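Open the model in your viewer and keep the sequence panel beside it. The tour goes from one selection to the next.

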Amino acid sequence: MVTDSYMIGVDIGTTSTKAVLFNGNGSAINQATVEYPLFSTKVGMAEQDPKEIFRAVQYVMKKCQQIHSDQLITISFVSFSSAMHSLMAVDKEGEPLTRLITWADQRASSVMDSLEENEALQIYQRTGTPIHPMSPFIKLRWLKNEYPDMFQSADKFISIKEYIFYKLFGQYVIEYSMASTTGLFHLENRQWDDEALAVCEIDSSKLSRLVPTTYKLTSFHKQYEQALSLPAETPFYIGATDGVLSNLGVNAITPGVFALTIGTSGALRTVVRKPLTHNEGKSFCYTLVDDYWVIGGPVNNGGIVLRWVKEQLARDVAEEAVTLGVDPYDHLLQIASQSSPGANGLLFFPYLTGERAPLWDADARGSFVGLSLHHTKADMIRAVLEGITFNLYMVYETLEKHIDTPRCLQATGGFSRSPFWRQLVADIFGLEVLVPESYESSCLGAVILGQYGEGTLKSLHAVKEIVGTLHRHDPNQIKHEVYQKTYSLYKQMTNALQPTYKELAQWQKSL
């Protein structure tokens, strides 16, 4: 028995790969996830095994199709989402010369000072990728310095999605969305940027062929038919990056609508109709499709900071949660709710892993400011939540000037499961917070882009018929006013602390 056709959205993430099986209406039917390790044996290192990720992609694509043992299903197409800013070198046979260097790898910070400030800003303004160790542009300069022989012998420098597609199809292709996250792609011309390539001392032959995000490939190597449980002629859409597809997947593609994600890390993004960059290089601009561009800022410090609180400051709270039979994070947030807005005069700066937006400072360090004897554990936990959110509000301020009328936040990620944290975000931003029905936003965005590519959807705005709303939070105006005063002090203290971070980081490394 053969059922109606389905679509598969694959999201190649930093810590796991997920595949979601969708029906023709965009409803998730089944999913599969495989996690894999992050290698961090040296200070600043964050690498992965690309071959292991390729195996994960094969497994989840096959597993998500297993919905009925007595039914054969038809897959109309597969479409891909992928984490940004990864880089690896391969030889002429496509074999890895390095492991995959992820966005979280900080080792390239050692070459940041060798760029002239004016030159760096000009490259950013053409390419839309902030000058930061996450950027493949900076990673290439670091690889050349650290591994000159390997750098010269490399045939290509590619991302993880390029590696997957090369393994499947024998072609090196990169879509405009991923290309626009490299720091090597000219946003206006949609070509590799000659000046950025010259600074890295490579030419375009070392990079993949540029294609639109709706580009389709067929006829993958037949040796993978059984592993994928798909015929080789199945269409594969190259898709886009996870960030821009998350905006699409939560229906945040209308001007004034922001996608706010807080998971392990976090991001704030919105869609504009032409390339826009920040005059100081504090926000990104990445391609979605046609005249849709996503501007925003990624933050390192989201739920990972709350995990640090659970493990280092509130281990007793976590143990109590086990006794009560409740989730430890839910219990932490319930305790935080016992404190008042502003955490009784306590500020927390959440830079435990350096920071991307809005500081773009790999040396940034975390701190409590204003701590005194009257502060409680509830105050400290609430200050952490507020600090994470204030940091994202700083990102919002860099984007707000491009938006005529900010309307609402579409919330995704682990924080969106907490009514308390959702309301706290609404109160700080002074905007309505909505939680979409689908938590699989990047996978859903990938299949919507695939439908758009094949012509099933005539407009990306058809996503509004697919994505509903689970929760809605209106801001409390009184609390918002309290937070505006608190935020003013938060920003003032951020500006005072930032000049000390480099010296502080050097001191820590010397101990």
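How are H11 and H12 oriented relative to each other? This is a predicted model, and the first stop is this pair of helices. Select residues 315-324 for helix H11 and residues 328-336 for helix H12. Their axes cross at roughly 115 degrees and come within 8 Å. Angles of 65 to 115 degrees count as roughly perpendicular, and H11 and H12 are therefore roughly perpendicular to each other. The crossing in which H11 passes H12 is right-handed.

Now show the side chains where the two helices touch. On H11, pick Val317, Ala318, Glu320, Ala321 and Leu324. They meet Pro328, His331, Leu332 and Ile335 of H12. By class, this contact has seven nonpolar residues, one polar and one charged.

**Next selection: H10**

Keep H11 on display and add helix H10, residues 303-313. The axes of H10 and H11 are 5 Å apart, and the helices pack at an angle of about 90 degrees. That makes H10 roughly perpendicular to H11. From H10, the residues to select are Lys310, Glu311, Gln312 and Leu313. Their partners in H11 are Arg315, Asp316 and Ala318. Which classes do the residues of this contact belong to? Four are charged, two are nonpolar and one is polar. Ala318 can stay selected from the previous stop, as this residue of H11 also takes part in the contact with H12.

**Next selection: the cavities**

Leave the helix pairs and turn to the enclosed spaces. How many cavities of 30 Å³ or more are there? The count comes to two.

The largest cavity has a volume of about 110 Å³. To find the centre of this cavity, select Leu87, Phe157, Glu162, Ile174 and Thr182, the closest to it of the 17 lining residues. Then colour helix H3 (136-146) and strand S8 (156-158), the elements that give two or more residues to the lining. The lining of the largest cavity divides into 10 nonpolar residues, six polar and one charged.

The last stop is the second largest cavity, with a volume of about 60 Å³. Select Ile12, Gly13, Thr14, Gln48, Ile53 and Ala83, which are among the residues that line this cavity. Then add Met84, Ser86, Leu100, Thr102, Trp103 and Ile160, which also belong to the lining. By class, the lining of the second largest cavity has seven nonpolar and five polar residues, and no charged ones.

Terms used:
Residues are numbered from 1 along each chain as its sequence is written. This is a predicted model: local features need pLDDT of at least 70, side-chain atom pairs count only at pLDDT 80 or more; totals for chains, interfaces and linings use all residues. Side-chain values use heavy atoms; hydrogens and water are left out. Axes are lines fitted to C-alpha atoms, for helices over the stretch in contact, and angles run from 0 to 180 degrees between N-to-C directions. Helices (H or I, at least four residues) and strands (E, at least two) are DSSP runs, numbered from the N terminus. Angles under 35 degrees count as roughly parallel, over 145 as roughly antiparallel, 65 to 115 as roughly perpendicular and the rest as oblique. A crossing is left-handed if the near helix is turned anticlockwise from the far one by less than a right angle, and right-handed if clockwise. Contact means heavy atoms within 4.5 Å. Ala, Val, Leu, Ile, Met, Phe, Trp, Tyr, Cys and Pro count as nonpolar, Asp, Glu, Lys and Arg as charged, and the others, Gly among them, as polar. On a 1 Å grid over the protein atoms alone, a cavity is a set of points where a 1.4 Å probe fits but cannot get out, and a pocket is an open set with protein on both sides within 12 Å along at least five of seven lines; lining residues have an atom within 4 Å of a point. Grid points are joined across faces, edges and corners, and a volume is the space filled by probe spheres set on the points.
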